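Reader: I would like a close look at one part of this protein, namely the charged side chains and how they pair. Please set the rest of the fold around that part, so that I can follow it at the bench.

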Amino acid sequence: LSSLLEGSGVDYQRSRQVVVFYNGVFFGIHDMREKLNRHFVETNYGIDSKDINVIKLPKGGKDAIEASGDDGDKSEYMRLVSMIASGNFAGANNQNYAQVQNYLDVNNFARYIAAEIYYHNADWPNNNVRAWGAPSKGYPFKYMVHDLDHGFGYQYAVDNNVSGNMFQWIKQGGGMSNGACTGEGCIAQIYNKLIENPD
């Protein structure tokens, strides 16, 4: 699913199946993947890994936002979230929308949302959300698809929304076994606010 995004401007983990032998012993076929961390950005964009932050929204409907591991801090992302939560985005030539574009790559965001909806990924948006950026250094936040196991109707070990309407699913913040994510930092709330803008 993720490789369908090649050339779209939405980041994903490239992977390759490899046959693994360790000390001459066959260990099977493994899926070797990139990690979605600072080094991913440095490798794929040539940006010094110390100059950006990787953000993770925890699973389970929690409203907390965290910098992923040692991947920086969340202050600029929190500024973006607050700006969106308090902004009015209705109408053309909207100043709030113009300001948000300094913090968020809105083309990436739109394509990211479209991909997740198309995949019918019911283990999202209250789970598996990652972004990277550093607006103060000229790198607006970009989203990365992550963990698409529940796309296209796959339901193993999760209460899923397979037959539901994905537009409604994102507007409500996902839910079911992980609980909906409804706080201002949730991707659903960012979507709900920005969709007010005609652009």
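Author: What follows takes the salt bridges, then the nonpolar cores, and then three asparagines.

The model is a predicted one, in which local features need pLDDT of at least 70 and side-chain atom pairs count only at pLDDT 80 or more, while totals for chains, interfaces and linings use all residues. Residues are numbered from 1 along each chain as its sequence is written, and side-chain values use heavy atoms, with hydrogens and water left out.

Side chains of opposite charge can pair when their charged atoms come close. If a salt bridge is taken as a side-chain nitrogen of Lys or Arg within 4 Å of a carboxyl oxygen of Asp or Glu, the count comes to 5 salt bridges. One of them joins Arg14 to Glu6, with 3.3 Å from N to O. Arg14 is partly exposed at a relative accessible area of 34%, and Glu6 is likewise partly exposed at 49%, where buried means under 20% relative accessible area, exposed over 50%, and partly exposed in between (1.4 Å probe, protein chains only).

Arg14 also forms a salt bridge with Glu34, and here the closest N and O atoms are 4.0 Å apart. This pair links distant parts of the chain, since Arg14 sits in the segment before strand S1 (15–22) and Glu34 in the loop between strand S2 (25–33) and helix H1 (38–45), 20 residues apart. Helices (H or I, at least four residues) and strands (E, at least two) are DSSP runs, numbered from the N terminus. Glu34 is partly exposed, with a relative accessible area of 22%.

Another salt bridge brings together the side chains of Asp48 and Lys50 at 3.7 Å, N to O; Asp48 is partly exposed at 34%, whereas Lys50 is exposed at 62%. Through shared partners, salt bridges join Glu6, Arg14 and Glu34 into one network.

Turning to the interior, a nonpolar core is a set of buried Ala, Val, Leu, Ile, Met, Phe, Trp, Tyr and Cys residues joined through side-chain atoms within 4.5 Å. The largest nonpolar core has 38 residues, and among those that touch the most other members are Tyr77, Leu104, Phe109 and Leu194. Elements giving two or more residues to this core include strand S3 (53–57), helix H2 (75–86), helix H4 (106–119) and strand S6 (139–144), and H4 gives the most, with 7 residues. Leaving aside neighbours within four places in sequence, Leu104 is in contact (heavy atoms within 4.5 Å) with Leu80, Phe109, Pro140, Phe141, Tyr143 and Leu194. A second, separate core of 9 residues includes Phe40, Val54, Trp132 and Met144.

Three asparagines complete the picture. Most residues other than glycine have a negative phi, yet phi of Asn23 is near 50° and phi of Asn128 is near 60°. Asn23 lies in the loop between S1 and S2 and is exposed at 70%, whereas Asn128, in the loop between H4 and S5, is buried at 5%. Asn121 is also found in the loop between H4 and S5 and is buried, with 0% relative accessibility. Leaving aside neighbours within four places in sequence, the contacts of Asn121 include Glu116, Asp147, His150 and Trp169.
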